[in-house]
Amino acid sequence: MAAFEAACEIGADGIELDVQMTKDGEVVVIHDERIDRTTNGIGFVKDFRYKQLKLFDAGSWFHPKYSRQMIPSLQDVLDLIKTNGPEMNVNIELKNDVFPYEGLEEKVLQCIHQSGMADSVILSSFQFKSMGKIRELESSIQTALLFEGIPSNIIEEARKVHANALHSEASFAVSAAGKRVVDAGYPLRVFTINQTEKLETLTSSGVSALITDYPELFLENKSVPF
């Protein structure tokens with residue numbers, strides 16, 4: 001939660017987070033399928049109940065001063081942004097490319113509506129069919145396809161699942177395929193940009209937003225949201 005609180009404090013345009021699902025169906029915010037790297041526990045998120053996950057230290061891996069940090073639920077994060085950063089966008093990546101997490105789409109939508117954040121949320125996934133399911137469940141929520149490399153058929157894939165936007169690497173954004181996406185009217189958001197040297201090139205390529213680990217580096221030049 002400390003990272004999201006910091007994003008609110010420095011005035012970032014939004015946050016990006018990843019969600020997995022626990023054994024008892026709680027949607028939690030954590031990047032990896034396993035908890036080993038970012039907590040003092042061992043195992044898969046899916047094999048723990050949320051009450052168990054909350055017992056682990058999820059901050060000391062980054063710095064000892066964050067030793068009291070826990071794995072937060074999606075609901076807790078959305079409520080935080082609603083209170084402390086109501087103008088911010090929230091990009092929620094559904095991490096269902098390794099484990100399918102049956103019912104994840106429904107649970108995520110439930111959290112969004114419970115927090116009243118539907119107009120501020122963008123849902124994304126490397127699993128295109130997951131975004132198709134979101135569209136079937138909710139006609140107005142913003143969705144985006146996540147992908148790597150430079151696929152030539154990404155516009156067709158977006159149309160199949162009625163995605164609103166595309167999230168790519170920088171190499172795609174500056175390619176001919178990236179130009180076709182921008183010309184077709186799709187917002188193109190680029191991950192993960194941690195060096196300001198690429199800002200001018202990406203801006204001229206027509207990208208709509210940058211996803212970065214270091215938003216403070218881009219605060220002086222906000223020609224593109226981050």
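**Exercise 1. Is Arg-34 buried, exposed or partly exposed, and what is its relative accessible area?** Then do the same for the residue whose side chain Arg-34 meets in a salt bridge.

*Solution.* Keep in mind that you're working with a predicted model.

Step 1: Get the cut-offs straight. Buried means under 20% relative accessible area, exposed means over 50%, and partly exposed is in between.

Step 2: Arg-34 has a relative accessible area of 32%, so we call it partly exposed.

Step 3: Now find the partner. The side chain of Arg-34 meets that of Asp-36 in a salt bridge, at 3.1 Å from N to O.

Step 4: Asp-36 comes out at 31%, so it is partly exposed.

**Exercise 2. Which residues are linked with Glu-106 in a network of salt bridges?** Work out which helices the pair Glu-106 and Lys-133 ties together.

*Solution.* Start with the general idea: side chains of opposite charge can pair when their charged atoms come close.

Step 1: The structure holds seven salt bridges. One of them joins the side chains of Glu-106 and Lys-133, with 3.3 Å from N to O.

Step 2: Place both residues. Glu-106 sits in helix 4 (residues 104–115) and Lys-133 in helix 5, so the pair ties together parts that are 27 residues apart in sequence.

Step 3: Check the accessibility. Glu-106 is partly exposed at 34%, and Lys-133 is partly exposed at 28%.

Step 4: Finish the network: Glu-105, Glu-106 and Lys-133 are linked in it.

**Exercise 3. Does Glu-157 count as buried or exposed?** Describe its salt bridge and its surroundings too.

*Solution.*

Step 1: Glu-157 lies in helix 6 (residues 154–160).

Step 2: Its relative accessibility is 18%, so Glu-157 counts as buried.

Step 3: Leave aside the neighbours within four places in sequence, and you find Glu-157 in contact with Phe-128 and Leu-145.

Step 4: The salt bridge partner is Lys-160, where the closest N and O atoms are 3.5 Å apart. Both residues lie in helix 6, three residues apart, which is about one turn of the helix.

Step 5: Lys-160, at 59% relative accessibility, counts as exposed, whereas Glu-157 is buried.

**Exercise 4. In what order do the eight strands form the open sheet?** Find the edge strands, then look at strands 5 to 8 and at helix 5.

*Solution.* A quick reminder: strands of a sheet pair through backbone hydrogen bonds, either parallel or antiparallel.

Step 1: The order is 2-1-3-4-5-6-7-8, and the pairing is mixed. At the edges are strand 2 (27–29) and strand 8 (209–210), each of which pairs on one side only.

Step 2: Helix 5 (residues 128–137) packs on this sheet and touches strand 3 (89–94), strand 4 (121–125) and strand 5 (142–146). The directions of helix 5 and strand 5 make an angle of about 170 degrees.

Step 3: Strand 7 (residues 188–190) pairs with strand 8 in the parallel sense over two bridges. Here Arg-189 has Ala-209 in strand 8 as its bridge partner.

Step 4: Strands 5 and 6 also run parallel, joined by three bridges. Ala-144 stands opposite Ala-165 in strand 6.

Step 5: In a regular strand the side chains alternate between the two faces of the sheet. Look at strand 6 (residues 165–168): Ala-165 and His-167 point one way, Leu-166 and Ser-168 the other way, and all are buried.

**Exercise 5. How many residues does the largest nonpolar core have?** Explain where this core lies, and pick out the contacts of Leu-17.

*Solution.*

Step 1: The largest nonpolar core has 54 residues, and Leu-17, Leu-74, Ile-92, Val-108 and Leu-123 have the most contacts inside it.

Step 2: Domain 1 (1–147) and domain 2 (149–225) both give residues to this core, so it lies between them.

Step 3: Leaving aside neighbours within four places in sequence, the contacts of Leu-17 include Phe-4, Val-29, Leu-74 and Ile-92.

Step 4: Follow Phe-4 to helix 1 (residues 2–10), where Ala-2, Phe-4, Ala-7 and Cys-8 are buried. Strand 1 (14–21), strand 2 and helix 3 (74–84) are among the elements covering the buried residues of helix 1.

Methods:
Residues are numbered from 1 along each chain as its sequence is written. This is a predicted model: local features need pLDDT of at least 70, side-chain atom pairs count only at pLDDT 80 or more; totals for chains, interfaces and linings use all residues. Side-chain values use heavy atoms; hydrogens and water are left out. Two strands pair if DSSP finds at least two bridges between them. Helices (H or I, at least four residues) and strands (E, at least two) are DSSP runs, numbered from the N terminus. Contact means heavy atoms within 4.5 Å. Axes are lines fitted to C-alpha atoms, for helices over the stretch in contact, and angles run from 0 to 180 degrees between N-to-C directions. A nonpolar core is a set of buried Ala, Val, Leu, Ile, Met, Phe, Trp, Tyr and Cys residues joined through side-chain atoms within 4.5 Å. Buried means under 20% relative accessible area, exposed over 50%, partly exposed in between (1.4 Å probe, protein chains only). Domain bounds come from an automatic or database domain assignment. A salt bridge is a side-chain nitrogen of Lys or Arg within 4 Å of a carboxyl oxygen of Asp or Glu.
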